[in-house]
Amino acid sequence: MAGVGESTIVSNATNLAKFMKLDQKGKVLAEYIWIDGSNGLRNKTKTLSEAPKSVDDLPEWNFDGSSTGQAPGDNSDVYIRPVAMYPDPIRLGENVLVMCETWDPDGTPNKFNYRHEAARLMEANAKHKVWFGLEQEYTLLAADGWPYGWPKGGFPGPQGPYYCGVGTGRVYCRDIVEAHHKACMYAGINISGTNAEVMPAQWEYQVGPCEGIDLGDQLWVSRWLLHRIAEEFGAKVSFQPKPIPGDWNGAGLHTNVSSKEMREEGGMKFIEEAMKKLEKRHVEHIKVYGEDNHLRMTGAHETSSIDKFTWGVADRGSSVRIPRACAREGKGYFEDRRPASNADPYQVTGMIVETLYGSLPEEKFN
Ligand code: ADP
Ligand code: MN
Ligand code: MN
Ligand code: MN
């Protein structure tokens, strides 16, 4: 058995391809995906007797929550309820990826089901047609946990040539990035671009604009695809906000936001109103903007201070940036630069909508 640090790839692509081509006899594989008790992803495969036409055709399922930190051992069943479905770029054909919410046996959302509340907020404020575009930064690590392509036990040259770089020694592991971009497109995820980041082996892709809860669903499935694809290349994906201490950029989840009112003529008035509301609830936002974010938000490396809310036009050192083009046109969107790369997009987008439009009365479950 391979220990920590050794490669665990035992796959043989040629052999596997023979079997992947076998006829499924009309049946379909559904990969059920959910979020576990530590902000990670889990999945298991269900054989369906026919292809689902919509997410409503997919049955509820369950798993052992005591093995994922989501339930006690003596009452361990957690239910997974399908909420979104995508064509599967790994298995192809009619096979699907299924994003799920987690529910407890007593009919209440699991403690780690942050989607349910976010979806309620989106639904209640649907008339504002809130769009989100998230910039997901991440770092690729070799099996030993050191950034992919970095000298073993050492460091590459200082930052500068890597951001949006091209060429050997400037970019690391582009194969995974290309494969992931195409896989997201195949799945129907609204991936709007990718780029190499400031720290070598760090990358970014953007998902959006997507309206309401759709953003969280798509971003979580895109993260699952990234892990799944990197697994085939023997690399690990890290969403740590500050993977390497020192003079190396951290990783964020910049969150671009607009409402219908902000996108229309004179929208800047609504963006400025939003700034006042965001300022008042800075602390609440930071609480759900990712663990260890204080290691990243130092005020250096294109971040703001974690303690203070600031905003400005074209200012990459403020909490929120208004893009120059939006300021010029007097309408558009704003970029909340505070969320860390490991933040949960359901909580981030839910919190923003709550701050802009108010909280909801508590839900009653019977
Ligand atoms: P940056 O200049 O900060 O690197 P990117 O180009 O990486 O910006 O990402 C910008 C994101 O903003 C994209 O995901 C894009 O889809 C999203 N976006 C563009 N217009 C809007 C809008 N009106 N509302 C919300 N998101 C938007
Ligand atoms: Mn970007
Ligand atoms: Mn970036
Ligand atoms: Mn950005």
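This report describes the surroundings of ligand 1 and one helix, H4, in a predicted model.

Residues are numbered from 1 along each chain as its sequence is written, and ligands are numbered from 1 in the order in which they are written. Because the model is predicted, local features need pLDDT of at least 70 and side-chain atom pairs count only at pLDDT 80 or more, while totals for linings use all residues, and side-chain values use heavy atoms, without hydrogens or water.

**Ligand 1**

The shell around ligand 1 holds 14 residues, the closest being Glu 204, Pro 209, Ser 258, Arg 321 and Glu 335, where a residue is counted if one of its heavy atoms lies within 4 Å. By class, the shell divides into three nonpolar, six polar and five charged residues; Asp, Glu, Lys and Arg count as charged. The table gives polar contacts between side chains and oxygen atoms of ligand 1, a polar contact being a pair of N or O atoms within 3.5 Å.

| Residue | Distance to an oxygen atom of ligand 1 |
|---|---|
| Asn 256 | 3.3 Å |
| Arg 316 | 3.3 Å |
| Glu 335 | 2.9 Å |

On its own, ligand 1 has 580 Å² of accessible area, of which the protein covers 75% (Shrake-Rupley method, 1.4 Å probe). Strands S6 (131-141), S8 (202-211) and S10 (253-258) each give two or more residues to the shell, and S8 gives the most, with four; strands are DSSP runs of E with at least two residues.

**Helix H4**

Helix H4 (residues 214-232) has end C-alpha atoms 27 Å apart, which agrees with the 27 Å expected because its 19 residues are counted at 1.5 Å a residue, the expected span being 1.5 Å times one less than the number of residues. Of these 19 residues, 14 are buried, meaning under 20% relative accessible area with a 1.4 Å probe. After H4 comes Gly 234, whose phi is positive, near 70 degrees.

Note on methods: Buried means under 20% relative accessible area, exposed over 50%, partly exposed in between (1.4 Å probe, protein chains only). A polar contact is a pair of N or O atoms within 3.5 Å; within protein, one must be able to donate a hydrogen and the other to accept it, and residues adjacent in sequence count only if both atoms are side-chain atoms.
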